[in-house]
Amino acid sequence: MIAERAGISRRTFFNHYQNKQDAIVGPKVDRFGQAYDWFVTSDGGLLSDLQILVRQVVAEASPDPSVIRNIGKVLGDSPDLQPVFSATIANLTRELEPLLSRRLGTEREPVAHLIAHLVSQAIAHSFRDWTVDNETALEQVVEKANSNIRFVVQTLGPG
């Protein structure tokens, strides 16, 4: 369907991309290798370290605003491609989980999964908003993701 809409053959499409997920969001990369050991060993607060992590993940991805907006347009025009975007967010969650498990301890793996899911969804929602707002800068996308994370933490705070 993507090849058809782009006016190219399926063969040409697969010469450039392994699958439709790669075409929409790029190839899978290992974002959380040894470079993130600081997160595991940090004495900082989990919330502030998560905010630094989000900033670094987004900065390293260095998304092109026009590409993000085109992805949003394609997803809006072809809702049947939404599972591809959702799979990418699920991959981010799966990549974050071991990092959080190392930090929190293996006995807290269910909590690590929940936090990884929260962070992934916060990033995803911020990027979805970015697809419709031409005036938003990347730093504002990061701040919105971090603001959403802070809001959830405050909402679930002592009570």
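Start your selection at Trp 38, which is partly exposed, with a relative accessible area of 26%. You are looking at a predicted model, and this tryptophan is a good place to get your bearings. Trp 38 sits in helix 4, a helix that spans residues 37-41.

**Stop one: around Trp 38**

Show the side chains that surround the tryptophan. Setting aside residues up to four places away in sequence, Trp 38 touches Asp 49, Ile 52, Leu 53 and Gln 56. Zoom in on the last of these: the side chains of Gln 56 and Trp 38 are joined by a polar contact of 3.3 Å. Now add Arg 103 to the selection. Arg 103 is 65 residues away from Trp 38 along the chain, yet their C-alpha atoms are separated by 9.9 Å.

**Stop two: Asp 37**

Step back one residue to Asp 37, which also belongs to helix 4. Is Asp 37 buried or partly exposed? Its relative accessibility is 30%, so Asp 37 counts as partly exposed. Display Arg 102 next, and you will find a polar contact of 2.8 Å between its side chain and that of Asp 37. Arg 103 is worth keeping on screen too: from C-alpha to C-alpha, Asp 37 and Arg 103 are 9.3 Å apart in space, with their positions 66 residues apart in sequence.

**Stop three: Asp 49**

Move on to Asp 49, in helix 5. With 4% relative accessibility, this aspartate falls under the 20% cut-off, so Asp 49 counts as buried. Which residues is Asp 49 in contact with, leaving aside its neighbours within four places in sequence? Select Trp 38, Phe 39, Ser 42, Gly 44 and Arg 103 to see them. Trp 38, where the tour began, is in that set.

**Stop four: helix 5 against helix 9**

Widen the view to helix 5 (residues 46-61) and colour helix 9 (residues 138-155) alongside it. Their axes come within 10 Å and cross at roughly 155°. Helix 5 and helix 9 are therefore roughly antiparallel to each other, and their crossing is right-handed.

To see the contact itself, show these side chains:

- From helix 5, pick Leu 47, Leu 50, Gln 51, Val 54, Arg 55 and Val 58.
- From helix 9, pick Leu 138, Glu 139, Val 142, Glu 143, Ala 145, Asn 146, Ile 149, Arg 150 and Val 153.

Colour them by class, and the contact of helix 5 with helix 9 breaks down into nine nonpolar, two polar and four charged residues.

**Stop five: helix 7 against helix 8**

Now select helix 7 (residues 82-104) together with helix 8 (residues 109-130). What angle do helix 7 and helix 8 pack at? The angle is about 140°, and the axes are 7 Å apart. That makes helix 7 oblique to helix 8. The crossing of this pair is right-handed. By class, the contact of helix 7 with helix 8 holds 13 nonpolar, seven polar and three charged residues.

**Last stop: the whole chain**

Zoom out and show everything as a cartoon. The protein chain has nine helices and zero strands, so to speak an α-α-α-α-α-α-α-α-α run from the N terminus on. Colour by burial, and 33% of its 159 residues count as buried. Finally, draw the contacts between residues at least 6 apart in sequence: 63% of them join residues at least 24 apart.

Notes. Residues are numbered from 1 along each chain as its sequence is written. This is a predicted model: local features need pLDDT of at least 70, side-chain atom pairs count only at pLDDT 80 or more; totals for chains, interfaces and linings use all residues. Side-chain values use heavy atoms; hydrogens and water are left out. Axes are lines fitted to C-alpha atoms, for helices over the stretch in contact, and angles run from 0 to 180 degrees between N-to-C directions. Helices (H or I, at least four residues) and strands (E, at least two) are DSSP runs, numbered from the N terminus. Angles under 35 degrees count as roughly parallel, over 145 as roughly antiparallel, 65 to 115 as roughly perpendicular and the rest as oblique. A crossing is left-handed if the near helix is turned anticlockwise from the far one by less than a right angle, and right-handed if clockwise. Contact means heavy atoms within 4.5 Å. Ala, Val, Leu, Ile, Met, Phe, Trp, Tyr, Cys and Pro count as nonpolar, Asp, Glu, Lys and Arg as charged, and the others, Gly among them, as polar. Buried means under 20% relative accessible area, exposed over 50%, partly exposed in between (1.4 Å probe, protein chains only). A polar contact is a pair of N or O atoms within 3.5 Å; within protein, one must be able to donate a hydrogen and the other to accept it, and residues adjacent in sequence count only if both atoms are side-chain atoms.
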